[in-house]
Amino acid sequence: MDAATVGATIRALRQEQNLTQKELAQRLHVTDKAVSKWERGLNFPDLTLLEPLAQALGTTVPRLLGLEQENTREAVTALSNLAAQEQEQTRREIRNRNWFNIVCCVVLWIAEIRASFIMSNHGLYGLPQMLTVGMSGFIGTMIGNNLYAIRKSRSLRPRE
């Protein structure tokens with residue numbers, strides 16, 4: 001079972017039903033870009049969408065995935081592999097989001113330090129500087145939480 005084969009099946013079944021990608025996407029509450037990616041074999045539909053997708057296309061999940069001739073063990077293995085791929089993709093997206101958050105926090109921290117210097121050069125002391133120092137704790141916590149999430153996602157990766 002590969003994404004290109006599943007995508008070709010989705011395209012053929014959609015065209016049999018005389019549906020556009022946009023109409024199918026609306027039935028499944030996804031974007032038409034997602035349907036396009038499935039049909040081009042760039043990725044698989046989300047596991048939670050397999051049953052609604054099969055129903056919308058008037059077929060079964062095994063036929064949709066090209067598993068109708070395979071035995072049960074092969075079907076379970078194929079679905080397990082699909083779940084593992086989806087889990088790895090989700091883990092990668094979360095890790096990328098965490099790195100983006102860290103970069104944003106560092107930029108915010110640098111801007112905060114610069115603002116503190118500007119305030120002190122203009123004779124503003126007290127509350128403005130206390131607020132910027134207080135924000136440092138918040139930013140440090142955000143960076144720490146994101147680094148922890150990245151480290152945790154690496155330790156949860158399945159061993160081969």
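Is Asn-81 buried, exposed or partly exposed? Select this residue in the predicted model to begin. Asn-81 lies in helix H6 and is partly exposed, because its relative accessible area of 42% falls between the limits of 20% and 50%. Add Leu-19 to the selection and draw the C-alpha to C-alpha distance: the two residues are 29 Å apart in space and 62 residues apart in sequence.

**The nonpolar core**

Next, select Ile-10, Leu-24, Trp-38, Leu-53, Leu-57 and Leu-64. These are the residues with the most contacts inside the largest nonpolar core, which has 24 residues. To see where the core comes from, colour the helices H1 (3–16), H2 (21–28), H3 (32–40), H4 (50–56), H5 (61–64) and H6 (72–121); each of them supplies at least two residues of this core. As background, nonpolar side chains in soluble globular proteins tend to be buried together.

**Trp-38 and its surroundings**

Keep Trp-38 selected and display what is in contact with it, leaving aside neighbours within four places in sequence. On one side of the numbering are Ala-3, Gly-7, Ile-10, Leu-28 and Val-30. The list continues with Asn-43, Phe-44, Pro-45, Leu-49 and Leu-53.

**Helix H3 and its cover**

Which residues of H3 are buried? Select Ala-34, Val-35, Ser-36, Trp-38 and Glu-39 to display them. Now show H1, H2 and H4 as well, since the cover over these buried residues includes those helices. Just after H3, move to Gly-41, where phi is positive, at about 80°.

**H2 against H3**

Turn the view to H2 and H3. The axes of these helices come within 8 Å and cross at roughly 110°. H2 is therefore roughly perpendicular to H3, as the angle lies in the range of 65 to 115 degrees. The crossing of H2 and H3 is right-handed. For the side of H2, select Gln-21, Lys-22, Leu-24, Ala-25 and Leu-28; they meet Asp-32, Val-35, Ser-36, Trp-38 and Glu-39 in H3. By class, this contact has 5 nonpolar, 2 polar and 3 charged residues.

**H1 against H3**

Then bring H1 into view with H3. Their axes come within 6 Å and cross at roughly 120°, and the two helices are therefore oblique to each other. In H1, select Ala-3, Gly-7, Ala-8, Ile-10, Arg-11 and Arg-14, which meet Trp-38, Glu-39 and Arg-40 in H3. The residues of the contact of H1 with H3 divide into 4 nonpolar, 1 polar and 4 charged. Trp-38 and Glu-39 also take part in the contact with H2.

**Two loop residues with positive phi**

The last stops concern the backbone. Most residues other than glycine have a negative phi. Where, then, is Asn-18 found? Select the loop between H1 and H2, which holds Asn-18. Phi of Asn-18 is near 55°, a positive value in a residue other than glycine. Asn-18 is exposed, because its relative accessible area of 66% is over 50%.

Finally, go to the loop between H2 and H3 and select His-29. Phi of His-29 is near 60°, again positive in a residue other than glycine. With a relative accessible area of 73%, His-29 is exposed.

Key
Residues numbered from 1 in each chain as written. Predicted model: local features only at pLDDT ≥ 70, side-chain atom pairs only at ≥ 80, totals over all residues. Heavy atoms only, no water. Core = buried A, V, L, I, M, F, W, Y, C linked by side-chain atoms within 4.5 Å. Buried < 20%, exposed > 50% of the residue type's maximum accessible area, 1.4 Å probe, protein only. Helix = DSSP H or I, 4+ residues; strand = E, 2+ residues; numbered from the N terminus. Contact = heavy atoms within 4.5 Å. Axes fitted to C-alpha atoms, helices over the stretch in contact; angles between N-to-C directions. Parallel < 35°, antiparallel > 145°, perpendicular 65-115°, else oblique. Left-handed = near helix turned anticlockwise from the far one by under 90°. Nonpolar A, V, L, I, M, F, W, Y, C, P; charged D, E, K, R; others polar.
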